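This report covers metal sites, a ligand site, a pocket, cavities and backbone angles. The structure comes first.

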Amino acid sequence: AFTRALQGQQGPVAIHQAGEEPLQVPYARLREALGANQLEAWLQPILDVQHGGMVGAESLSRWNDPEIGRVPPDRFIPMAERTGLISELTWWSINTSLRHVAQARRVDPTLGIAINLSPRVFGEAGLVEHLASTAAVWDIPPGAVTLEVTETALMVDPDASERLLRRLCDAGFGVAFDDFGTGYSSLAYLKRFPATELKIDRAFIKDLPHAPRALPLVRAIIELGHQLGLVVVAEGVEDAETLDTLRQAGCDRAQGYFIQRPQPAAEFLRGLEPGARV
Ligand code: C2E
Ligand code: CA
Ligand code: CA
Ligand code: CA
């Protein structure tokens, strides 16, 4: 269980670890960890539900501090956003994720990468140029790189968001609506913002085979996504039955513990070697 003890902008975050006193996670530690390159970008495979095989991975940041232990991204990302560190963290994540996928593409040149973008960097000068030039350095076509944005993020500054998404799409990058269906104006933003992918939130996938209204909802979201020309991805697939249900419902891609948990990049790369494929 995690408890927040925030004191103003750069307040520490208290973390309860099993059987221990709450630990303070100060902003300064995160800044140090970033500076010392102690964060890691873990990769969670994304499966092609209809044809089988991996299409790529989502990059998920991990912070394992030598003293305070693992701090989950749900804690340190918001802290980075409040303190302005998110800019540095995002550029680090872009560089690291692209480097990892470049290595993976030496084994399988079809693989892509999905990177989470915080709204705090939407207006950042040079973001799209940096993505384009870094991808070019690694010989990664922009189409193999997808930027994930949430509805909440888009609503912080809809005009800036629209400009960013337009520029990303014009440059050939993928754009995914992350956590789709959990916000309050999902349909309105589908109309307004350009994108290439829709990721159905885990809340709809969790008990898909059994919850009475989950299946018609998920079917409708898949149909809606397809009508708009979007690739539809389901997140949080935790069992075979859910994956089967999604396949029958026409879902394109899936991600979840049943397929594979997020793993360190080195482990992900090892899994690509001939004979190691699952
Ligand atoms: P998200 O973008 O929605 O990422 C999916 C989350 O679901 C990840 O949590 C992933 O580990 C988890 N997950 C995947 N499959 C399953 C499953 O089958 N069951 C369950 N219960 N969970 C599953 P994680 O890695 O803890 O990340 C949490 C959130 O932190 C992410 O949610 C994303 O919003 C944010 N985040 C992580 N890394 C970054 C980053 O580098 N930059 C930004 N801006 N946000 C990040
Ligand atoms: Ca995501
Ligand atoms: Ca998500
Ligand atoms: Ca989420």
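## Calcium ion, ligand 4

The calcium ion (ligand 4) takes its protein donors from Asp179 (OD) and Asp179 (OD), at 2.7 to 3.0 Å. Donors here are N, O and S atoms within 2.8 Å of the metal, or 3.2 Å for Na, K and Ca; water is not among the atoms, so sites may look incomplete. Asp179 sits in strand β8 (residues 174–180). Helices (H or I, at least four residues) and strands (E, at least two) are DSSP runs, numbered from the N terminus. From the calcium ion (ligand 4) to the calcium ion (ligand 2) the separation is 5.9 Å.

The model is predicted: local features need pLDDT of at least 70, side-chain atom pairs count only at pLDDT 80 or more, and totals for chains, interfaces and linings use all residues. Residues are numbered from 1 along each chain as its sequence is written, chains are lettered from A and ligands numbered from 1 in the order in which they are written, and side-chain values use heavy atoms, with hydrogens and water left out.

## Calcium ions, ligands 2 and 3

Around the calcium ion (ligand 3), the protein donors are Asp178 (OD), Asp179 (OD), Glu235 (OE) and Glu235 (OE), at 2.2 to 2.5 Å. Their spacing along the chain is D-D-x55-E. Asp178 and Glu235 link distant parts of the chain, 57 residues apart. Asp178 is in strand β8, while Glu235 is in the loop between β10 (231–234) and α10 (240–248). Both Asp178 and Glu235 are buried. Buried means under 20% relative accessible area, exposed over 50%, and partly exposed in between (1.4 Å probe, protein chains only).

Glu58 (OE), Asn116 (OD1), Glu148 (OE) and Asp178 (OD) coordinate the calcium ion (ligand 2), at 2.1 to 2.3 Å. These donors follow E-x57-N-x31-E-x29-D along the chain. Here Asn116 in strand β6 (residues 112–116) is paired with Asp178 in strand β8, 62 residues apart. Which residue coordinates both the calcium ion (ligand 2) and the calcium ion (ligand 3)? Asp178 does, and the two ions are 3.8 Å apart. Asp178 has a relative accessible area of 7%, so it counts as buried. Asn116 has 30%, so it counts as partly exposed.

## Ligand 1

Ligand 1 has 21 residues around it, and Ser61, Arg62, Arg202, Glu238 and Tyr257 come nearest. A residue is near if one of its heavy atoms lies within 4 Å.

Polar contacts are pairs of N or O atoms within 3.5 Å; within protein, one must be able to donate a hydrogen and the other to accept it, and residues adjacent in sequence count only if both atoms are side-chain atoms. Arg62 places a polar side-chain atom 2.8 Å from an oxygen atom of ligand 1. For Asn116, a polar side-chain atom is 3.1 Å from an oxygen atom of ligand 1. In the side chain of Gln44, an N or O atom is 3.1 Å from a nitrogen atom of ligand 1. Asn116 also serves the calcium ion (ligand 2), through OD1.

## The largest pocket

The largest pocket holds about 1300 Å³ of space. On a 1 Å grid over the protein atoms alone, a pocket is an open set of points with protein on both sides within 12 Å along at least five of seven lines, and a cavity is a set where a 1.4 Å probe fits but cannot get out; lining residues have an atom within 4 Å of a point. Grid points are joined across faces, edges and corners, and a volume is the space filled by probe spheres set on the points.

The lining of the largest pocket has 41 residues; Glu58, Leu60, Pro73, Asp74 and Asn116 lie nearest its centre. β4 gives the most, with six residues. Elements supplying at least two include β5 (69–71), α2 (73–83), α3 (86–107) and β8. By class, the lining has 17 nonpolar, 12 polar and 12 charged residues. Ala, Val, Leu, Ile, Met, Phe, Trp, Tyr, Cys and Pro count as nonpolar, Asp, Glu, Lys and Arg as charged, and the others, Gly among them, as polar.

## Cavities

There are two cavities of 30 Å³ or more. The largest cavity has a volume of about 40 Å³. Its lining includes Leu43, Val101, Ile113 and Phe268. β4, α3 and β6 each give two or more residues to this lining. The lining divides into seven nonpolar, two polar and no charged residues.

## Positive phi

Asn37 has a positive phi, near 55°. Asn37 lies in the loop between α1 (27–35) and β3 (39–48). Asp139 also has a positive phi, near 65°. Asp139 lies in the loop between α4 (127–137) and β7. Is Asp139 buried or exposed? Asp139 is exposed, with a relative accessible area of 65%.
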